[in-house]
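This report looks at how some of the helices in one protein chain pack together. It then turns to individual residues and backbone details.

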Amino acid sequence: MIQFLIALAVLIGGYFIYGLLMERIVGLDANRPMPANTMTDGVDFVPLPAWKVFLIQFLNIAGLGPIFGAIMGVMFGPAAFLWIVLGTIFGGAVHDFISGVISIRRNGASLPEIVGEQLGLSVKQVMRGFSLLLMILVGAVFVMTPASLIASLTPEGLDVTFWICMIFIYYMLATVLPVDKLIGNLYPVFGGALLFMAVGILWMLLFGGIEIPHDMSAGLFNRHPGGDSTPIFPMMFVSIACGAISGFHATQSPMMARCLTNEKLARPIFYGAMVCEGIVALIWAAAAIAFTGGYDGIATFMADPANGGAGGLVHRISLEWLGAVGGVLAMFGVIAAPITSGDTALRSARLIAADFLRIDQSKLWKRLAVSIPIFGLSFLIMMIDFNVLWRYFAWCNQMLAVFTLWAITVWLSREVRGKVFGLFRAYWLTLLPAMFMTVVCITYILFAPRPEGFGLPYEAALGSGLAVSLILGLLFMRSLSRPLALTKA
C-alpha cells in the first residue's frame, strides 16, 4: 500500500512541480488572443467554460487505454507502475500540453498541420493519412467494448448489435453537431460517472482492507506468462499507452485549443487531464492485481476465456467491490470512457480531413460531406476482429506519439531560447522522450510476430531501434545549425 500511495503522490506532485516548469518554459500568456474568441464559428471554435473544457479533454483521452491497457500492462509486473508514473509526468503530460499550446498559437491547427510545420511537407502528408487512419481505428475500436458492456446490463432483446447501432448513431451526431450542443451537455454527466468509478475503486483500495501485492521488492523482472516472447521492453510500453503517453491525445488537444478562452488554462487542461488519466491507470493496475491476488492470479484470470478478459475483470471488480448500485454506476463510467473517446476521434477525423482539404465547416452539408466517407470506413473496419484492431491501434497510437514528440522538440528548439536551470536547452526535455519512444516503436514493429510485425530476433529488433533513434537524434542536433532545412513546407 505504501508503494501505491507514493506513486499516487508522485503523480500529483508532478503536476505542480514539473507541470509548472513546463508552463514557465513555454511562457503562457493570459493576454494572448485565443482562437475561440478570434475565430468563433459556432461549430468547432466555441468559447467554453474551463471546467467543461477540462472534462471534455479528460474524457476524450481517457478511453479504454488507461483501464484495459493498465490491466494488460500490469501483467508484466511492478515495472508497470513505474512506467505509468514516469511516463505520465515526463512523457504523456508534456506531449499533450505542448501540442495543445502549439495549436493555440497556430489558430487551432490540427496535429498533422502542427507536425508538418515543424518537420516538413513530406512528413505532413504522411501524418495526414496516418492521423486520419488512427482516428477511424479509434472510432471502430471504441464501439465494440462499450456495446458489449451495455448489453450485459440490459434485457436480452437489446443485444450487442443493437447497442453498436445506437453508439454509432451517437458518434455521427457528435461528429457533425456544434461542440457545445451534444458533447458540451453530455460530457459533464459522463465525467461524473467516470470520476465516481475512479474514486470508488480508489476508496476500496485505500480503506477497504485490500492488500495490493506489488511485489516490487523482488525486482522489476518480467511477470508476463508469455515470457521471452513478450519482453517488458517494448511490449509493456505499447500495452500501457493512454495511461502513460499516447499519440491519440495530441489529436484531441487541438479540438480543445479551439474552445479555451485563456492560454493560462493550458496547464490544468492539457497537463492536468493527462495526470488524471495516469491516476486512473494507476488505480486500475493496482485494482487488477489486488482483486486477482497478484501477478500469477491475473495471468490465470486472463488466460481463461470464460472470464471475459479485461472487460470481464472490470465488470467483476466493479460489482463485487462497490455493490449492485455502485457497480452499475462504475460500469457506466467505464462505458462512458471509450464512447467519449470514439465520438471525438471521429470528430477529430472530420477536422483533420477538413483542414487539409480546406473545406469550411460552418455549414452542416459540408460537415456531412467530409464525415460520411469517414463513417463508412469506420463501419467497415469494425468488421475486423477486435483483438487484431487493438494491436494495430496500440502500435499506431505510439508511432503518432513519436512524430508528435519530435515535432514539439523542434518547436522548442526554435521558440525557447533560454536554458533550463541555466544548464541545458529546453528541447532536451522532449528530445530524450522522443528518442526513447522511437526505440520502443521501432523495436516493437520489428520484433512483434507476423502479421502484426516482422518477427525479427529480439537482439536485431532492439539494435535497429537504438540505431534509428540515435541517427534521428544526430540529425536533429545537426539541424540546429541550419533550422530552415526543416521548416520548408
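What follows covers helix pairs, the nonpolar core, one buried residue and some backbone features of a predicted model.

**Helix pairs**

The table lists three helix pairs.

| Pair | Angle between axes | Axis distance | Crossing |
|---|---|---|---|
| α1 (residues 2-26) and α12 (residues 266-292) | about 165 degrees | 10 Å apart | right-handed |
| α1 and α9 (residues 182-207) | roughly 140 degrees | within 11 Å | left-handed |
| α5 (residues 79-105) and α11 (residues 247-257) | roughly 35 degrees | within 8 Å | right-handed |

Helix α1 takes part in two of these pairs, with α12 and with α9. Angles over 145 degrees count as roughly antiparallel. The axes of α1 and α12 meet at an angle of about 165 degrees, and the two helices are therefore roughly antiparallel. Their contact consists of 17 nonpolar, 4 polar and 2 charged residues.

The angle of roughly 140 degrees between α1 and α9 makes that pair oblique. On the α1 side, the contact is formed by Phe-4, Leu-5 and Leu-8, and on the α9 side by Leu-202, Leu-205 and Leu-206. By class, these are 6 nonpolar residues, with no polar and no charged ones.

The contact between α5 and α11 has another make-up, with 4 nonpolar, 7 polar and 1 charged residue. Helix α5 brings His-95, Asp-96, Ser-99, Gly-100, Ser-103 and Ile-104 to it, and α11 brings Gly-247, His-249, Ala-250, Ser-253, Pro-254 and Ala-257.

**The nonpolar core**

In soluble globular proteins, nonpolar side chains tend to be buried together. Here the largest nonpolar core holds 179 residues. Phe-97, Ile-98, Leu-205, Tyr-271, Trp-284 and Trp-321 have the most contacts inside this core. Which helix gives the most residues to the core? That helix is α12, with 20 residues.

Leu-205 appears both among these core residues and in the contact of α1 with α9. Leaving out residues up to four places away in sequence, Leu-205 touches Met-1, Phe-4, Ile-210, Ile-212, Ile-283, Ala-286, Ala-287, Ala-290 and Trp-321.

**A buried methionine**

Met-135 sits in helix α7 (residues 121-153). Its relative accessible area is 0%, so Met-135 counts as buried. Outside the residues up to four places away in sequence, Met-135 is in contact with Phe-248, Thr-251, Gln-252, Ala-345, Leu-346, Ser-348, Ala-349 and Ile-352. Leu-173 lies 38 residues from Met-135 along the chain, and their C-alpha atoms are 16 Å apart.

**Backbone features**

Most residues other than glycine have a negative phi, and most peptide bonds are trans. Which residues does the cis peptide bond with omega of about 10 degrees join? The bond joins Phe-233 and Pro-234. Pro-234 belongs to helix α10 (residues 232-239).

Two residues that are not glycine have a positive phi, Asn-107 and Arg-358. For Asn-107, phi is near 60 degrees. Asn-107 lies in the loop between α5 and α6 (111-119). With a relative accessibility of 44%, Asn-107 is classed as partly exposed.

Arg-358 has a phi of about 55 degrees and is located in the loop between α14 (309-357) and α15 (364-381). Its relative accessibility is 74%, so Arg-358 counts as exposed.

Methods:
Residues numbered from 1 in each chain as written. Predicted model: local features only at pLDDT ≥ 70, side-chain atom pairs only at ≥ 80, totals over all residues. Heavy atoms only, no water. Axes fitted to C-alpha atoms, helices over the stretch in contact; angles between N-to-C directions. Helix = DSSP H or I, 4+ residues; strand = E, 2+ residues; numbered from the N terminus. Parallel < 35°, antiparallel > 145°, perpendicular 65-115°, else oblique. Left-handed = near helix turned anticlockwise from the far one by under 90°. Nonpolar A, V, L, I, M, F, W, Y, C, P; charged D, E, K, R; others polar. Core = buried A, V, L, I, M, F, W, Y, C linked by side-chain atoms within 4.5 Å. Buried < 20%, exposed > 50% of the residue type's maximum accessible area, 1.4 Å probe, protein only. Contact = heavy atoms within 4.5 Å.
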